[in-house]
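Welcome! Please take a moment with the sequence and the 3D view below, and then we can walk through them together.

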Amino acid sequence: SILVASACSEATIKELGIGDMTCDLSYFDWIFDDKEIYLLLEGDVTLTPDRGESVKIGTGDLVVFPVGMYFRWDV
């Protein structure tokens, strides 16, 4: 499962070395080959795993994805 933490501090962002990327409104499938950490700077995303319930993340949420996790992203 994924870990979602809200209200990520500036110190945590620096400690984790989080970069940034942008994505237009879209949907796509994605599998994580490595552990990845995302900080949602703006907007909302619904993540739907191949098994289980959808997870909604929003602005300010820090998300840790484990190796091998598959999700459909609705941005």
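## A pair to start with

Let's begin with one match between two strands: Ala 5 has Leu 62, in strand 6, as its bridge partner. Keep in mind that this is a predicted model. The match fits a wider pattern, as strand 1 (residues 3-5) runs antiparallel to strand 6, with three bridges joining the two.

## Strand 6 and its neighbours

Strand 6 also pairs with strand 3 (residues 36-39), again in the antiparallel sense, over four bridges. Here you can look for Tyr 38, whose bridge partner in strand 6 is Val 63.

What about the two faces of strand 6 (residues 62-65): are they covered or open? Both are covered. Leu 62 and Val 64 are buried on one side, while Val 63 and Phe 65 are buried on the other.

## The whole chain

Now step back to the full protein, which has one helix and seven strands. Starting at the N terminus, the order of elements is β-α-β-β-β-β-β-β.

Among contacts with a separation of 6 or more, 68% join residues that are 24 or more positions apart.

## Size, surface and charge

Why does a radius of gyration of 12 Å agree with a compact globule? Because a compact globule of 75 residues would have a value near 11 Å. The C-alpha atoms fill a box of roughly 35 × 25 × 20 Å along the principal axes.

Of the 75 residues, 28% count as buried. The accessible surface is about 5300 Å², and carbon and sulfur atoms make up 52% of that. The protein carries 5 positive and 14 negative charges, and the mean positions of these two groups lie 5 Å apart.

Definitions and conventions:
Residues are numbered from 1 along each chain as its sequence is written. This is a predicted model: local features need pLDDT of at least 70, side-chain atom pairs count only at pLDDT 80 or more; totals for chains, interfaces and linings use all residues. Side-chain values use heavy atoms; hydrogens and water are left out. The radius of gyration is taken over C-alpha atoms; the globule rule is 2.2 Å times the number of residues to the power 0.38. Buried means under 20% relative accessible area, exposed over 50%, partly exposed in between (1.4 Å probe, protein chains only). Contact means heavy atoms within 4.5 Å. Accessible areas come from the Shrake-Rupley method with a 1.4 Å probe; for residues, only the protein chains shown count as cover. Lys and Arg count as positive and Asp and Glu as negative; His and the chain ends are not counted. The place of a charge is taken as NZ of Lys, CZ of Arg, CG of Asp or CD of Glu. Two strands pair if DSSP finds at least two bridges between them.
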